[in-house]
Amino acid sequence: MYTQGLDEAPGPDVDESFDPASLLPDDEASAELRFQARIDAEDRIEPTDWMPAEYRRTLIRQIAQHAHSEVIGMQPEGNWITRAPSLRRKAVLIAKVQDEAGHGLYLYGAAETLGVSREELVDQLVSGEVKYSSIFNYPTLTWADMGAVGWLVDGAAIMNQIPLCRCSYGPYARAMVRVCKEESFHQRQGYELMLTLSRGTPQQQAMAQDALNRWWWPAIMMFGPSDADSVHSAKTMRWKIKRFSNDELRQKFVDVTVPQAEYLGLTVPDPDLRFNDETGHYDIGPIDWDEFFAVVRGDGPCNRQRLATRRAAHENGAWVRAAAEAHARKQQERQQSSEPAATGPAAAGQVA
C-alpha cells in the first residue's frame, strides 16, 4: 500500500551537455540559474556535478539526520528482542533491526559522496551535535509497542520517504528505493502484530489500545513543524529534495491510518478527530508543539539514555575499528611486497 510511489516513471536522463567546469569561478549567479534549470527539468544531480554550497550543506544535514535516526532507531526495538513472545516474532524483530543498521549504512554512504567523512558524521551523532528524529526518544514499554512502532512510526516514515526516491540528488534517491521497500515490510509486520493483539484476549486488546494512545501523537509530530513554522521546507522543495510539505504528508498519513485503526477496532486518541465531507480529509485536533520542541531540545523521556547507549557502543567498538584498520594496512603491505619489481629499459632509465 505504501510502495506505489516506487512505480512512478523516473525523470528524464541527466543533461550531459551541462559542463560544470565551463562555469567561471565568479559566475555564481549564472551557475545557480543553470543548476535550478536542471532541477526544474527533473535532472538528477550527481556527486561530480556543480551544486550550490547551500544545496550541499542542506543535503548533508538531512541525510545525516536520516542516517542517525536509523541507527538510534535500533535501540527501542532491540530492547524487546530477548523478550519476544515466540521464535517467529524474535526472528522478525532481529531482521528488522538488522535492516535499520543497513539503512544507516546506505545513508552514510550517500552523505560521503558530498565530501563529508563517515567518521565526522558519527562523531557529530555521539557528541549530540546533530539531531535525529524525535520519535526515537520515547520508550517502548510493552510488546504492543513493537506493533505500534512498525505500524505508525514506520508508516509515517514511508509516507515521508517514498517521495525521496525521486529526490534531485542521485545517491540519496537511489539509496531510498531499497530503504522504502524494506520499510514497507516493517510497516506491514507492525500492523499484523497489532491485528493479532486486537483479535486476542481483552488484556491484549487493552495493550494494543494503550500503545496506540502513546504513539499516535509522536507519530503525527514526525512530519515536523507546520508549514508556516518550518525553516527549511520552502528551500528543500524548490530544490526538489522534498516533494511535499510537512502538512501535506501529515494529512496523507492521517487519511490512510485512521481507517486502519477502525479496522483494528482501536480508537484514535483524538476527541477532535472528524472526517470533513467538504475537503474529503480527516481533521485532527491541535498538536502539542511544546512537547515536540522539548524533545528536539533534548528533554524527551529517553534523549539522554539513547545518546549514552550509542556513545558507549561507539567507545566499546573502538578496538574493532582499530583491528580493521590494522588488517587493512597489513593487507596493503603484503600486496606491495608481492608486486614484481619493474624490469626492462624503462626500469633502467628510472634507476639511472
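A cavity, as I use the word today, is a set of grid points where a 1.4 Å probe fits but cannot get out, and I start there because the distinction from an open pocket runs through this talk. What you have in front of you is a predicted model, so please hear every value as computed from that prediction.

The structure holds one cavity of 30 Å³ or more, and the space in this largest cavity comes to about 60 Å³. Its lining is made up of N160, P163, L164, I241, K242, R243, F244 and L249, and by character these divide into five nonpolar residues, one polar and two charged.

Let me turn to the open spaces. The largest pocket has a volume of about 1,100 Å³, and of the 42 residues that line it, Q65, S133, N160, M222 and G224 lie nearest its centre; N160, you will recall, is also listed in the lining of the largest cavity. Several helices, namely α2 (53–72), α3 (74–78), α6, α7, α9 (233–238), α10 and α11, each supply at least two residues of this lining, with α6 giving the most, seven residues. The lining as a whole divides into 18 nonpolar, 15 polar and nine charged residues.

The second largest pocket holds about 440 Å³ of space and is lined by 16 residues, with Y108, R118, V122, R310 and H314 nearest its centre. Here the elements that contribute two or more residues are α4 (87–112), α5 (118–126), α12 (303–316) and α13 (318–338), and the largest share, five residues, comes from α5. In this lining we count eight nonpolar, two polar and six charged residues.

Finally, I would like to spend a moment on helix α8, residues 202–221. At 1.5 Å a residue, its 20 residues should span 28 Å, and because the end C-alpha atoms are 30 Å apart, the expected and the computed figures agree. The helix does nevertheless carry a kink of about 35 degrees at W215, shortly before the proline P218. Both W215 and P218 are buried, and the buried residues of α8 also include A208, Q209, A211, L212, W216, W217, A219, I220 and M221. Which elements cover these buried residues? Among them are α6 (144–161), α7 (170–198), α10 (246–264) and α11 (289–299), and these four helices also each supply at least two residues to the lining of the largest pocket.

Technical notes:
Residues numbered from 1 in each chain as written. Predicted model: local features only at pLDDT ≥ 70, side-chain atom pairs only at ≥ 80, totals over all residues. Heavy atoms only, no water. Expected span 1.5 Å × (residues − 1). Bend = angle between axes of the 7 residues up to and from the residue. Buried < 20%, exposed > 50% of the residue type's maximum accessible area, 1.4 Å probe, protein only. Contact = heavy atoms within 4.5 Å. 1 Å grid on protein atoms, 1.4 Å probe; cavity = no way out; pocket = protein on both sides within 12 Å on 5 of 7 lines; lining within 4 Å. Points joined across faces, edges and corners; volume = space filled by probe spheres on them. Nonpolar A, V, L, I, M, F, W, Y, C, P; charged D, E, K, R; others polar.
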